[in-house]
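The following exercises invite the reader to work through one protein structure step by step. Each task is followed by a worked solution.

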Amino acid sequence: MSPAQEPTPELLADPYESFMHHHLQYYGYFRGSLMLKAALLKSKQLLFNHLEGPGVPRLREPRGLFAVPTSRGPLQSPRWPVECEVIKGQIQHIEWVPPEPEPFYQPTGNEPAPLIVGEEKGTVVYHIKPVAKDSYFTCSRVGGARGPITSPAISLEGPEDTTLLFESRFESGNLQKAVRVGPYEYELTLRMDLYTSKHTQWFYFRVRNTRKGITYRFSIVNLMKPKSLYSMGMKPLLYSQRDAQTRGVGWRREGGDIRYYRCSSEESQAMYCLTWTVCFPHDHDTCYFAHFYPYTFSDLQRYLLAVASDPIRSQYCKLRVLCSSVAGNTVYLLTITSPSQNPAATATKKAVVLSARVHPGETNGSWVMRGFLDFILSDSPDAQLLRELFIFKVVPMLNPDGVIVGNYRCSLAGRDLNRNYRTVLKESFPCIWHTRSMIQRVLEEREVLLYCDFHGHSRKNNVFMYGCNNKSTPAQRLHERIFPLMLSKNAPDKFSFHSCKFKVQKSKEGTGRIVMWRMGIPNSYTMESTFSGSTLGRKSDSHFTSEDLKSLGYLICDTLLDFCDPDRSKFLQCLSELQELLQQQIHRKLKDLGHGQHSDGAWSDISLSDIESSTSGSNSSQSDGLPAHLLSMAEKFHQKKKRLRTRKERNELRQKYALSQGLTCQDKTPVAGERRLGSPTCRTHQPVSAMALCTEDSCGKQGKTPEPGLVSDLQRREPNASQEEQPEERLWERKCHQHSPGPQHLWKARQPQPLLITMLTPPQPQRPAGTLPIREHLLPFHAQLDGEPHGSRHAGSSALAHSASTVGTSPCRSVWWGPKQPAVTLLLSRNLFPRPQLPGRRAPVGPHMLKQSQSQHLLPPRQVTWSLLEFQPPCAEPERRKSPSRPQ
């Protein structure tokens with residue numbers, strides 16, 4: 001072997017590259033002038049095949065890019081939110097059809113309604129920690145929560161312990177708590193849809209340690225729908241693992257003493273209870289209870305794996321990945337059509353779009369979808385004809401996340417996907433967004449003849465459809481009702497045309513049916529299959545089995561051929577029947593309104609919405625809107641910056657607040673030029689003339705003017721309160737005290753800044769004519785007027801201002817006593833100093849006794865509020881002294 005050419009030093013600057021060079025050189029990768037470039041060694045997507053010769057690169061096969069089930073690899077493991085604990089192992093149930101119809105339960109009226117006792121009088125035997133309130137989905141992983149799996153069920157004390165062992169931490173399970181309230185009686189609480197506070201109707205859980213021949217009672221205590229099919233004879237489903245292994249018996253309807261009733265007295269959050277009794281067939285058996293036949297995400301993947309592994313079916317069924325869900329689970333898209341060598345023939349094919357399981361708890365849709373796929377992928381001549389005529393776009397499970405965690409209605413976004421088909425939030429609702437985009441692309445290429453979304457209904461029996469009224473196109477009037485009518489003729493013992501509705505409601509604008517109809521698909525439907533059974537034909541008063549629902553899938557294909565038959569006789573016959581039926585409904589409506597049946601009005605002039613009731617679907621308005629993880633973010637984005645109000649707006653707010661509190665300002669003896677307190681012109685630092693406050697006094701007399709008294713107004717903000725938290729209007733409150741001699745009232749105002757009040761007329765610096773001055777006193781707290789230098793003092797200061805316990809002065813400015821106006825008003829000012837030293841809790845000021853009522857910490861300016869305790873008017877005229885001049 002010839003030595004390899006040595007690389008240049010620049011290529012071996014990286015130690016890793018140098019190591020790889022010597023390692024590959026040892027195995028003879030460098031021969032002559034051939035040398036691997038350092039750039040190739042850095043790539044993780046290049047492989048070197050030794051069989052093709054050394055140094056021949058090829059691209060690595062992508063791993064996990066398209067998780068399509070194939071026979072060469074395992075199924076994709078479901079991804080769970082990290083809040084969920086999941087037990088190991090997958091649960092599979094056999095498919096079995098009862099040999100005889102399973103009749104409805106016939107209520108006797110004597111079914112007991114057990115009183116819910118809860119944990120106080122019972123024993124919790126199973127409890128899963130609920131998801132925190134107001135939480136939202138963050139991340140997911142295979143297997144759910146990290147760490148060891150805890151045991152939410154109690155441990156048996158011995159072989160004689162008859163306590164049932166509950167479990168629901170598997171796909172589609174949703175039991176949260178079980179309380180033992182009797183030897184063989186249990187109260188069950190279902191987990192609500194993740195990241196929501198409602199939607200409890202679906203249930204699926206496991207019990208062990210059963211006893212044969214003993215009647216057990218189960219009561220689900222937190223159902224939220226006021227009406228249920230359990231009140232009309234529906235029974236729960238039971239699955240015995242021992243019967244399945246030994247006898248091949250699967251799910252069957254069991255239960256007695258079934259009753260559905262309201263169990264809470266609160267109007268705001270009404271809860272309903274379902275109670276039933278059952279006898280287990282074997283001792284120490286493992287049994288399952290379910291609301292309807294379960295169909296999990298793993299069940300779908302096993303079915304798709306079988307289709308992809310079939311060499312015949314895989315030729316005309318192409319399995320692709322539509323998108324990934326919020327949790328990372330695959331949303332599959334099936335394209336079913338016969339391969340054609342002629343592109344022109346393929347371009348003329350119309351499309352049919354079908355979907356299911358947008359509501360995860362409605363497993364009925366999966367069983368109908370299963371029947372459709374079984375038929376359309378079969379070798380039946382009708383199936384071959386349909387594949388030649390149409391291209392089928394099928395989304396078998398729109399909400400895999402909700403199916404996995406056991407939700408009834410919502411996805412992991414905490415919202416109903418069937419109310420968000422108009423969404424633009426691709427990351428929050430990927431399943432719906434990509435489905436709508438896929439249908440838009442199909443519409444650009446070809447006509448979509450039919451769109452149908454498979455659902456389940458919890459309050460009505462039979463199978464029926466919701467459609468959209470094509471009233472805007474007279475040429476297609478009633479054409480949207482032809483397909484449901486044909487289906488009712490093909491399935492007379494299952495499908496009820498009289499239960500179909502074709503009304504477009506505003507509350508349902510976000511549903512797939514209406515959105516696709518507005519996109520240009522006139523035959524857009526939601527097919528509702530009951531959880532219970534049929535009231536028609538030979539299936540009357542009996543439950544539906546999984547095979548009955550699968551047969552509906554076959555009948556949809558059969559009806560599709562009738563609907564597109566070149567021979568239009570069936571089509572025209574159904575149209576004629578619809579016109580006659582509509583005329584009968586109009587005559588019945590006119591009769592109810594008091595009009596005669598021989599009215600000459602044309603039936604085409606009557607709006608179909610007037611004679612048709614609403615679809616009465618489930619109300620999920622609380623699950624509309626933004627996903628849970630965007631709510632808090634949306635609140636931040638929609639917060640508007642606070643706008644500063646003008647002076648006029650602030651005055652109006654003060655006036656409105658004063659009126660709302662019953663406060664008015666009146667004056668029995670008005671003075672010329674006075675301003676009333678509380679009026680828009682009354683502002684801080686503006687002198688106000690003699691006045692009185694009028695409000696409802698302590699005796700309950702409203703509108704009475706109180707007698708003149710002392711108004712001491714020095715109030716300020718609460719401590720540590722921000723400017724935005726302070727109301728702009730003045731918050732008035734009163735205090736009424738009886739003063740001696742004679743009743744006097746004290747009124748106190750609370751406001752952000754002190755209100756200055758004086759008895760003097762503003763332009764007169766001297767005392768008013770006809771008034772008798774009294775002595776001026778310093779208040780027992782000290783402040784400095786605004787705009788004055790530090791330490792300035794005013795005329796009239798007494799010795800109290802020079803005491804060691806005071807800082808600065810704030811004299812009582814212009815205190816006057818008038819014979820016609822026996823009131824004393826103190827003029828106070830704002831404190832701009834640090835906290836002053838006060839002489840005491842109470843301080844006499846001449847004949848007045850003032851009390852410190854508040855002293856709170858603020859920013860550098862500090863304020864002290866005083867209120868009047870005692871008031872003694874002078875008995876004789878005091879010594880006259882010169883009145884101090886008013887400061888400018």
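**Exercise 1: An open sheet**

In this predicted model, Leu238 stands opposite Arg252 in strand E12. Determine how E11 and E12 run relative to one another, and what order the strands of their sheet follow.

Solution. Begin with the pair itself: E11 and E12 are joined by two bridges and run antiparallel. Next, place the pair in its sheet, which is open, has five strands in the order E6-E9-E15-E11-E12, and pairs in the antiparallel sense. Finally, consider the ends of that order. Strand E6 (165–167) and strand E12 (252–253) each have a single partner strand, so one side of each lacks a neighbour in the sheet.

**Exercise 2: Aromatic rings**

Classify the aromatic pair formed by Tyr239 and Tyr288 from its distance and angle.

Solution. A pair of aromatic rings is described by the distance of the centres and the angle of the planes. The search of the whole structure yields 35 aromatic pairs. For Tyr239 and Tyr288, the centres are 6.1 Å apart and the planes make an angle of 65°. Planes over 60 degrees apart count as edge-to-face, and the pair of Tyr239 and Tyr288 is accordingly edge-to-face. The two residues are 49 residues apart, with Tyr239 in strand E11 (residues 237–240) and Tyr288 in strand E15 (residues 287–290), and the pair links distant parts of the chain. Both Tyr239 and Tyr288 are buried.

**Exercise 3: The nonpolar cores**

Identify the residues that touch the most other members of the largest nonpolar core, and the element that gives the most to this core.

Solution. In soluble globular proteins, nonpolar side chains tend to be buried together. The largest nonpolar core here has 123 residues, and those touching the most other members are Phe166, Phe218, Phe280, Phe289 and Phe392. Helix H14 contributes the most to this core, namely eight residues. A separate core of 23 residues lies apart from it and includes Leu333, Leu417, Ile439 and Val515.

Turn next to H14, which spans residues 546–563. Its 18 residues extend 26 Å from the first C-alpha to the last, close to the expected 26 Å. Of these 18 residues, 15 are buried.

Now examine Phe218. Beyond its neighbours within four places in sequence, its contacts include Phe166, Tyr186, Trp276, Phe280 and Phe289. One aromatic cluster holds Phe218 together with other rings, among them Phe166, Tyr184, Phe203 and Trp276.

**Exercise 4: An enclosed strand**

Is strand E22 (residues 524–530) largely enclosed or left open by the rest of the structure?

Solution. First, count: seven of the seven residues of E22 are buried, so the strand is largely enclosed by the rest of the structure. Second, check each face. In a regular strand the side chains alternate between the two faces of the sheet. Ser524, Thr526, Glu528 and Thr530 lie on one side of E22, Tyr525, Met527 and Ser529 on the other, and all are buried.

Third, list the partners. Strand E20 (residues 448–457) pairs with E22 in the parallel sense over seven bridges, and Asp453 has Thr526 as its bridge partner. Strand E21 (residues 463–466) pairs with E22 in the antiparallel sense over four bridges, with Val463 opposite Ser529.

Last, inspect Thr530, a residue of E22. Its relative accessible area is 0%, so Thr530 is buried. A polar atom of its side chain lies 2.7 Å from the backbone oxygen of Lys460. Leaving aside neighbours within four places in sequence, contacts of Thr530 include Leu229, Phe292, Asn364 and Phe544.

Technical notes: Residues are numbered from 1 along each chain as its sequence is written. This is a predicted model: local features need pLDDT of at least 70, side-chain atom pairs count only at pLDDT 80 or more; totals for chains, interfaces and linings use all residues. Side-chain values use heavy atoms; hydrogens and water are left out. The expected span of a helix is 1.5 Å times one less than its number of residues. Buried means under 20% relative accessible area, exposed over 50%, partly exposed in between (1.4 Å probe, protein chains only). A nonpolar core is a set of buried Ala, Val, Leu, Ile, Met, Phe, Trp, Tyr and Cys residues joined through side-chain atoms within 4.5 Å. Contact means heavy atoms within 4.5 Å. Two strands pair if DSSP finds at least two bridges between them. A polar contact is a pair of N or O atoms within 3.5 Å; within protein, one must be able to donate a hydrogen and the other to accept it, and residues adjacent in sequence count only if both atoms are side-chain atoms. Rings of Phe, Tyr and Trp (its six-membered ring) pair if their centres lie within 6.5 Å; planes under 30 degrees apart count as stacked, over 60 as edge-to-face and the rest as tilted.
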